[in-house]
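The exercises below are meant to be worked with the model open beside the text. Each task is followed by a solution that proceeds step by step.

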Amino acid sequence: MQSAQKIIFGNEGGYSSVNANDNGAVSVGKVQWHAGRALALLKKICAAESGAASILGTALYGEITTAASGAWKARTVNSAEKAAISKLLSTDTGKRVQDAQAETDVGAYVDHGLAVGVDAPAALVYFADMENQGGGGASARVAAAAQKPVTLDTIHAAGLADRVMGKYATRRKKVYEAAKKLKWSEEEKGGQNMSFTPRLTRPEAGNKYYITKAAGGYSDAVKGSPTDSACNVLSNCVGYAYGRFNEIIGEGACKHLRPVNAENFIQYKGTLEVGMEPRLGACMVWQKGATLKGSDGAGHVAIVEKIVSSTEIVTSESGWGASKPFWTQTRKKGSGNWGQGSSYKFLGFIYNPAACCQGTVPSAPAAAEKPSATPTTEKKAKEAARSLNKALAGTYVVTADKGLHIRSGAGSGKSSLAVLPKGTKVRNYGYYTDLSGVAWLYVQVAYKGVTYTGFCSGQYLSKQ
């Protein structure tokens, strides 16, 4: 992730930086590789740079190229060694090796963040910087302590409170402010994990997405009735849905939609997409009465938290005057009104722009398969797609005569979730991973009673 690299490098050193004694061992280079990692980096540069021996001198060159991997746990350097290492690091080869190693390392930090449930882009950048500074144990500990779902705000709060990372409050605040200002490219958004954490319990006390700005929160909705003491925009379907929609996006503010009457949400959707098929994180909108003026009813809104099938979902909701500030509900499409009373009219789903909410429309079963009468089970890839190209989105047909594997990651070496017969239709929403010039499409398909979400080689898929 380029954004994470930029921030990390800004907190560390330049290509030629050498900290002779960084808490008991040497740190080198643009990411300040420390101790054994410094030795491993220098070994790679020595192997690639023909002039390394003359730059370092015989003794230091011999030590670096022959030392065991754990030999530099407490190795500091003197002034002459520092100057020689700095010169080696600043060669074209030294810079090239550092660039490659940095990309590998930061990619591993991001993958670790995704694995422990951090998938908001800005929060991932913050997580990656913590891991580079304090190691995988510290970053995982902070992520586990952060309020869920993990956003930049919640992981920053946990970082400041952590027994180790909290000692570096200045750096934590610097990273937080830098991550807040980042603008996310489509590729960076597409590189995030598509995992979605449903909200099935009421918002936690102090969650700013459900608290008015006047009380220190993010919301400009009115207080609910009866007003919840912990989250004062509840009970109110508008206050809840407005907060939840933005909480999923995780920008540390309520920037999307407006807290108008529920039935008017679609009129204030801005550039957001609206459709009639469910997606995770989408805001459902119902009109009450014959008009949109509010005099015959204000309507209702809810958020999609789970998709059982294309006709059955689980929502999270609140309501004005309700006896409880939060509940979940299973809704079935029925005649198209999704379980709301006859005095209501369903207007559509406002699709959430968060990366974790893309590609979640339930696809139709493969042509040769009859729809199951019961909900299907799910099998999903472990890896996340790394890129987004909206032009790729669409329905594809398997063309391989012997069938096509849908895999847990991009590449033929990744484990197979199933083999899809020739002619099977799969759905892609623009997400993919490029591997040696081949686009491995991140697709979804219902096959033999199971909904699969994974990677298929684009070489054996034909777009309809």
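**Exercise 1.** In this predicted model, determine how strand S12 is paired and how far its residues are covered.

*Solution.* Begin with strand S18 (residues 461–463), which pairs with S12 in the antiparallel sense over three bridges; within this pairing, Tyr 396 has Lys 463 of S18 as its bridge partner. Turn next to strand S15 (residues 425–435), which is joined to S12 by four bridges and likewise runs antiparallel to S12, with Val 397 standing opposite Lys 425 of S15. Finally, consider the covering of S12 (residues 394–398): taking buried to mean under 20% relative accessible area, four of its five residues are buried, and the strand is therefore described as mostly covered.

**Exercise 2.** Work out the strand order of the open sheet that contains S4, and state which strands stand at its edges.

*Solution.* The open sheet is formed by six strands in the order S4-S9-S5-S6-S7-S8, with antiparallel pairing. The edge positions belong to S4 and strand S8 (327–332), each of which has a single partner strand, so that one side of each is left without a neighbour in the sheet. Within the sheet, six bridges join S5 to strand S9 (residues 344–350), and Gln 287 has Lys 345 in S9 as its bridge partner. To complete the picture, add helix H12 (residues 237–249), which lies across S5, strand S6 (300–309), strand S7 (312–317) and S9, running at about 50° to S6.

**Exercise 3.** Is Met 276 buried, partly exposed or exposed, and which residues outside its sequence neighbourhood does it contact?

*Solution.* First locate Met 276, which is found in the loop between strand S4 (274–275) and strand S5 (283–288). Its relative accessible area is 45%, and because the partly exposed class lies between 20% and 50%, Met 276 is partly exposed. Leaving aside neighbours within four places in sequence, Met 276 is in contact with Phe 346, Leu 347, Gly 348, Phe 349 and Tyr 351. As for Ile 350, its C-alpha is 8.9 Å from that of Met 276, although the two residues are 74 apart in sequence.

**Exercise 4.** Describe the chain as a whole in terms of its elements, extent, burial and contacts.

*Solution.* Count the elements to obtain twelve helices and 18 strands, and then take the C-alpha trace, which spans about 85 × 60 × 30 Å along its principal axes. Of the 464 residues, 53% count as buried. Among contacts between residues at least 6 apart in sequence, 64% join residues at least 24 apart.

Methods:
Residues are numbered from 1 along each chain as its sequence is written. This is a predicted model: local features need pLDDT of at least 70, side-chain atom pairs count only at pLDDT 80 or more; totals for chains, interfaces and linings use all residues. Side-chain values use heavy atoms; hydrogens and water are left out. Helices (H or I, at least four residues) and strands (E, at least two) are DSSP runs, numbered from the N terminus. Buried means under 20% relative accessible area, exposed over 50%, partly exposed in between (1.4 Å probe, protein chains only). Contact means heavy atoms within 4.5 Å. Two strands pair if DSSP finds at least two bridges between them. Axes are lines fitted to C-alpha atoms, for helices over the stretch in contact, and angles run from 0 to 180 degrees between N-to-C directions.
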